[in-house]
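Here is a short briefing on helix packing, nonpolar cores and aromatic pairs.

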Amino acid sequence: MMTSTSLKLNCPRQWLQFVGPINFMQSNEFYTYYKVTMPCGIYYCFKKIERQSKSFNLHSFERFKKGLVNIGHLSNYTMAPLAYVVESDTAYIIYEYPQHGTLFDLLHGRCDDSILDWKSRFTIAVGVCRGLAILHGGSLFSDPIILLYVSTTSIFMKHLHQPLIGDVELGRAINPSEFAVAVGYVPPEYAYVMRVTEAGNMYNFGVIMLELLTGKPAISEGMELAKWVLSKSIQHEDLGEVLDSRVSGKSIQVHQQMLLVLEIALQCLSVSSSERPDAKELLETLLTLGQQFGI
């Protein structure tokens, strides 16, 4: 039996006929994203989650459904669901399709010669940090939310300067002892602390900042970006060499600003989770820097 609950729009059962391999966007062990074009020409994002996955708690699925409504109040910072459909073994969550895809697409997936400038990259970093600060801090509509992980593939770009954090609802449904973090984003303590933490999310954010600063993906040529940059820092090498020269080479001022933000990214990547800044603290730091930068 299928039940359909509408958050902002109706989700008829027949919509599911548009979900198929030809619409595939990305996937991992928890879900698959599809880009679906309706007959009227409107694009939507469909996320398909298999309930039988061992990652789901047997008692968490009801909590997961209830949490979707609360997430809708965070639509300025997250990929808020428009509607969902729950079958006996599968859930479909429908979102507005982000105009610019994911942050990964913007940084690493473009085939054209366009390059995100420093102002755009810094603004995106502030936007993601603001979203994390709100999720971690809780609100009138939601308890604090800790994400399984944050990556450039889970940051969706509604506009070039408006990042939306995706997969927020999974933190309410995934068994914390069976989670998995994308390679390149794994905090060192997750090797022995089998649960997601706010500090772990901040490590993820540190990797995202490195991607914005270097223009390289989290895994490049078989090497983790975080380990590569950290090794250069430990060896007191010139960190200016890790910056994306297409951006840092625009001016001395931009180069210096990027180095200042790189120092913050390295704090987020601290081996000791207690030494990482929390999202609220870091947001204040970034906003102060933005004023100094004139961004």
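**Helix packing**

H4 and H5 are roughly perpendicular to each other (65 to 115 degrees counts as such). This is a predicted model, where local features need pLDDT of at least 70, side-chain atom pairs count only at pLDDT 80 or more, and totals for chains, interfaces and linings use all residues. Residues are numbered from 1 along each chain as its sequence is written, and side-chain values use heavy atoms, without hydrogens and water.

- Helix H4 (residues 198–214) packs on helix H5 (residues 225–234) at about 80 degrees, with axes 10 Å apart.
- On H4, Tyr203, Val207, Leu210, Glu211 and Thr214 make the contact (heavy atoms within 4.5 Å).
- H5 contributes Leu225, Ala226 and Val229.

**Nonpolar cores**

- The largest nonpolar core (buried Ala, Val, Leu, Ile, Met, Phe, Trp, Tyr and Cys joined through side-chain atoms within 4.5 Å) has 77 residues.
- Buried means under 20% relative accessible area (1.4 Å probe, protein chains only).
- Helix H3 (residues 118–137) gives the most to this core, 10 residues.
- A second, separate core of 11 residues includes Val36 and Leu82.

**Aromatic pairs**

- The whole structure holds five aromatic pairs (ring centres within 6.5 Å).
- Tyr33 and Tyr95 have ring centres 6.3 Å apart and planes at 50 degrees, so the pair is tilted (neither under 30 degrees, stacked, nor over 60, edge-to-face).
- Tyr33 and Phe156 have ring centres 5.3 Å apart and planes at 65 degrees, so this pair is edge-to-face.
- Both Tyr33 and Phe156 are buried.
- Tyr33, Tyr95 and Phe156 form one aromatic cluster.

Definitions and conventions. Buried means under 20% relative accessible area, exposed over 50%, partly exposed in between (1.4 Å probe, protein chains only). Helices (H or I, at least four residues) and strands (E, at least two) are DSSP runs, numbered from the N terminus. Axes are lines fitted to C-alpha atoms, for helices over the stretch in contact, and angles run from 0 to 180 degrees between N-to-C directions. Angles under 35 degrees count as roughly parallel, over 145 as roughly antiparallel, 65 to 115 as roughly perpendicular and the rest as oblique. Rings of Phe, Tyr and Trp (its six-membered ring) pair if their centres lie within 6.5 Å; planes under 30 degrees apart count as stacked, over 60 as edge-to-face and the rest as tilted.
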